[in-house]
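Work through the exercises below with the model open. Each task is followed by a stepwise solution.

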Amino acid sequence: MTAVGDELTPLTVQVTRKDLVRYAGAALDFNPIHWNEPFAKEVGLPDVIAHGMLTMAFAGRVITDWTGDPGKILDYYVRFTRPVVVPNDDKGATVELTGKVGAVNDDGTLRVDITAKFEGKTVLGKAQAVLRLP
């Protein structure tokens, strides 16, 4: 039985510039802030940053790894609060993801609250998913 406070298995993801190129191709999002270091700095960013939707997808993996079925997700939303800065090296950026059951509702759904951190700071605000589990 799932209860409020239950913790999902944490996930740590390394994001490299190579990952950004792959994601850009898959998502058709070729915004230069995600691959062009001089451009990113020119517009006021510290360096190239990960796509927000890629970060959101990593956070969603905490849910799908736990449920084993993405079809159980009824709703999923986040606010982007900080960028994930991706250095130009083989290590990349480390994103740490956790999830916790925040509510079990009378209609049989539950809310999972997700935390995504980069360099110890939260990068997604109010990241939540509503699920229906058997």
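**Exercise 1. The fold**

How many helices and strands are there in the chain?

Solution. The chain has three helices and six strands. These are DSSP runs, numbered from the N terminus: helices are H or I with at least four residues, strands are E with at least two. From the N terminus on, the order reads β-α-α-α-β-β-β-β-β.

Before going on, note the ground rules. This is a predicted model, in which local features need pLDDT of at least 70 and side-chain atom pairs count only at pLDDT 80 or more, while totals for chains, interfaces and linings use all residues. Residues are numbered from 1 along each chain as its sequence is written, and side-chain values use heavy atoms, with hydrogens and water left out.

**Exercise 2. The chain as a whole**

State the extent, burial and contact pattern of the chain.

Solution. Start with the box: along the principal axes, the C-alpha atoms fill roughly 50 × 30 × 25 Å. Next, burial: 37% of the 134 residues count as buried. Buried means under 20% relative accessible area, exposed over 50%, and partly exposed in between (1.4 Å probe, protein chains only). Then the surface: the chain exposes about 7600 Å², and carbon and sulfur atoms supply 52% of it. Areas come from the Shrake-Rupley method with a 1.4 Å probe; for residues, only the protein chains shown count as cover. Last, contacts, meaning heavy atoms within 4.5 Å. Of those between residues at least 6 apart in sequence, 66% join residues at least 24 apart.

**Exercise 3. Strand E1**

Which side chains along E1 are buried?

Solution. In a regular strand the side chains alternate between the two faces of the sheet. Apply this to E1 (11-15). Leu11, Val13 and Val15 point to one face and are buried. Thr12 and Gln14 point to the other face and are not buried. Now find the partner: E1 runs antiparallel to strand E3 (residues 93-104), joined by five bridges. Strands count as paired if DSSP finds at least two bridges between them. Val15 stands opposite Ala93 in E3.

Look also at the segment before E1, where Gly5 lies. Gly5 counts as partly exposed because its relative accessibility is 36%. Beyond four places in sequence, Gly5 touches Lys100 and Val101. Gly5 and Val104 are 99 residues apart in sequence, yet their C-alpha atoms are 9.9 Å apart.

**Exercise 4. The E3–E4 hairpin**

How many bridges join E3 to E4?

Solution. Nine bridges join these antiparallel strands. For one pair, take Thr98, whose bridge partner in E4 is Thr115. Move to the turn: four residues lie between the strands, and Gly108 takes a positive phi near 90 degrees.

Now place two residues.

- Glu96 sits in E3. Glu96 is partly exposed because its relative accessible area is 42%. Neighbours within four places aside, Glu96 touches Leu11, Thr12, Thr115, Ala116 and Lys117. The C-alpha atoms of Glu96 and Val48, 48 residues apart along the chain, are separated by 19 Å.
- Ala116 belongs to strand E4 (residues 109-118). Ala116 counts as buried because its relative accessibility is 0%. Its contacts beyond four places in sequence are Glu96, Leu97, Lys121, Thr122, Val123 and Leu124. From Ala116 to Leu11, 105 residues apart along the chain, the C-alpha separation is 9.5 Å.

**Exercise 5. Helix H3 and the largest pocket**

Is Thr55 buried or exposed? Which residues lie nearest the centre of the largest pocket?

Solution. Thr55 is found in helix H3. Thr55 is buried because its relative accessible area is 6%. Leaving aside neighbours within four places, Thr55 contacts Ala50, Val84, Val123 and Leu124.

Turn to the pocket. Of its 13 lining residues, Ala50, Gly52, Phe80, Arg82 and Pro83 lie nearest the centre. A pocket is an open set of points on a 1 Å grid over the protein atoms alone where a 1.4 Å probe fits, with protein on both sides within 12 Å along at least five of seven lines; lining residues have an atom within 4 Å of a point. The largest pocket holds about 160 Å³ of space, the volume being the space filled by probe spheres set on the points, which are joined across faces, edges and corners. Helix H3 (residues 52-67) gives the largest share of the lining, three residues. By type, the lining divides into eight nonpolar, four polar and one charged. Here Ala, Val, Leu, Ile, Met, Phe, Trp, Tyr, Cys and Pro count as nonpolar, Asp, Glu, Lys and Arg as charged, and the others, Gly among them, as polar.
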